[in-house]
Amino acid sequence: YDKNCSSASTREYIRDKMRSAIWLIKSIYQRERTIKKVMESIIKFQRDFFDHGADHIKPLILKDVAEDIEMHESTVSRVTANKYVYTPHGIFELKYFFNSPISCVSGESIASVRVKNTIKKLLAGESAKKPYSDLKIVALLKDRNINIARRTIAKYRDELGILSSSKRKEH
């Protein structure tokens, strides 16, 4: 039994574990800074949502935030995956704030989430005896300056878990 050898190997073992612990702590702090930067950017782009609610969400893509914080798009995607934020309007997954733009008749764009919310509200107010068809929803949205295809309505309805008009009809 060599006391010096054991002591040196023990010291090396402890140094190695300390280096690993320091690396882990630095990585956690780096991740925290990245999440904070991403969230600050989302708040900047989606200020109207935070001030006024879901009807005011704007189109936003990962690339916008990535360019704003000067990080790669894949980093933003990874950071926002399976993360949630508590807002004055409820708890939302960070991915909720990223949505594609839908063109309006006026030429401006609105967020696909807003279109889905509008569809949900329209269908909440429909007659159970005579529910709106997808074509009727297209016309109702056009009245609100939202130009969207019938097949997109069907896709959004499916995503919202809303049945077709024939299946929603009460007899």
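Let me begin with Glu93, which is found in strand β2, where strands are DSSP runs of E with at least two residues, helices are runs of H or I with at least four, and both are numbered from the N terminus. Before going further, I should say that this is a predicted model, in which local features need pLDDT of at least 70 and side-chain atom pairs count only at pLDDT 80 or more, while totals for chains, interfaces and linings use all residues. Residues are numbered from 1 along each chain as its sequence is written, and side-chain values use heavy atoms, with hydrogens and water left out.

At 28% relative accessibility, Glu93 counts as partly exposed; the scale calls a residue buried under 20% relative accessible area, exposed over 50%, and partly exposed in between, with a 1.4 Å probe and protein chains only. Setting aside residues up to four places away in sequence, Glu93 touches Asn82, Lys83 and Tyr84, a contact being heavy atoms within 4.5 Å. Of these, Lys83 is 10 residues from Glu93 in sequence, with 5.8 Å between the two C-alpha atoms, and Tyr84 has Glu93 as its bridge partner in β2.

That brings us to the strand pair itself. Strand β1, residues 84-87, and strand β2, residues 90-93, run antiparallel and are joined by four bridges, and two strands are taken to pair if DSSP finds at least two bridges between them. Another of the bridges links Tyr86 to Ile91 in β2, and the hairpin that joins β1 to β2 does so through two residues. In a regular strand the side chains alternate between the two faces of the sheet. Along β1 this shows as Val85 and Thr87 pointing to one face, where they are buried, while Tyr84 and Tyr86 point to the other and are not buried.

Which residues of helix α4 are buried? In this helix, residues 73-80, they are Val76, Val79 and Thr80, and, seen down the axis of α4, they fall within an arc of 90 degrees, so they line one face of the helix; the arc is that of the directions from the helix axis to the C-beta atoms. Just after α4, Asn82 takes a positive phi of about 60 degrees. On the other side of α4, in the loop between α3 (62-69) and α4, Glu70 has a positive phi of about 55 degrees although it is not a glycine, and Glu70 is exposed, with a relative accessible area of 74%.

Helix α1, residues 3-45, holds Thr34, which is buried at a relative accessible area of 7%. Leaving aside neighbours within four places in sequence, Thr34 is in contact with Met71, Thr75 and Val79, and Val79 is one of the buried residues of α4 just named. Ile43 is also found in helix α1, but at 27% relative accessibility it counts as partly exposed. The C-alpha atoms of Ile43 and Phe97 are separated by 9.3 Å, with their positions 54 residues apart along the chain.

Now to helix α6, where Asp134, Ile137, Val138, Leu140 and Leu141 are buried. Seen down the axis of α6, these buried residues fall within an arc of 165 degrees, so they line one face of the helix. What do the buried residues of α6 pack against? Their partners are α5 (112-124) and α7, whereas the face turned away from the buried side carries the exposed residues Leu135 and Asp143. After α6 comes Asn145, whose phi is positive, near 65 degrees, in the loop between α6 (134-143) and α7 (150-159); Asn145 is partly exposed, with a relative accessible area of 41%.

Finally, the largest pocket, which contains about 160 Å³ of space. Of the 10 residues that line this pocket, the closest to its centre are Ile110, Arg114, Thr118, Arg144 and Ile146. A pocket here is an open set of points on a 1 Å grid over the protein atoms alone, where a 1.4 Å probe fits, with protein on both sides within 12 Å along at least five of seven lines, and lining residues have an atom within 4 Å of a point. Grid points are joined across faces, edges and corners, and the volume is the space filled by probe spheres set on the points. The lining divides into three nonpolar, three polar and four charged residues, where Ala, Val, Leu, Ile, Met, Phe, Trp, Tyr, Cys and Pro count as nonpolar, Asp, Glu, Lys and Arg as charged, and the others, Gly among them, as polar.

One correction to my wording before I stop: Ile43 and Phe97 are 54 residues apart along the chain, and that is how the number should be read.
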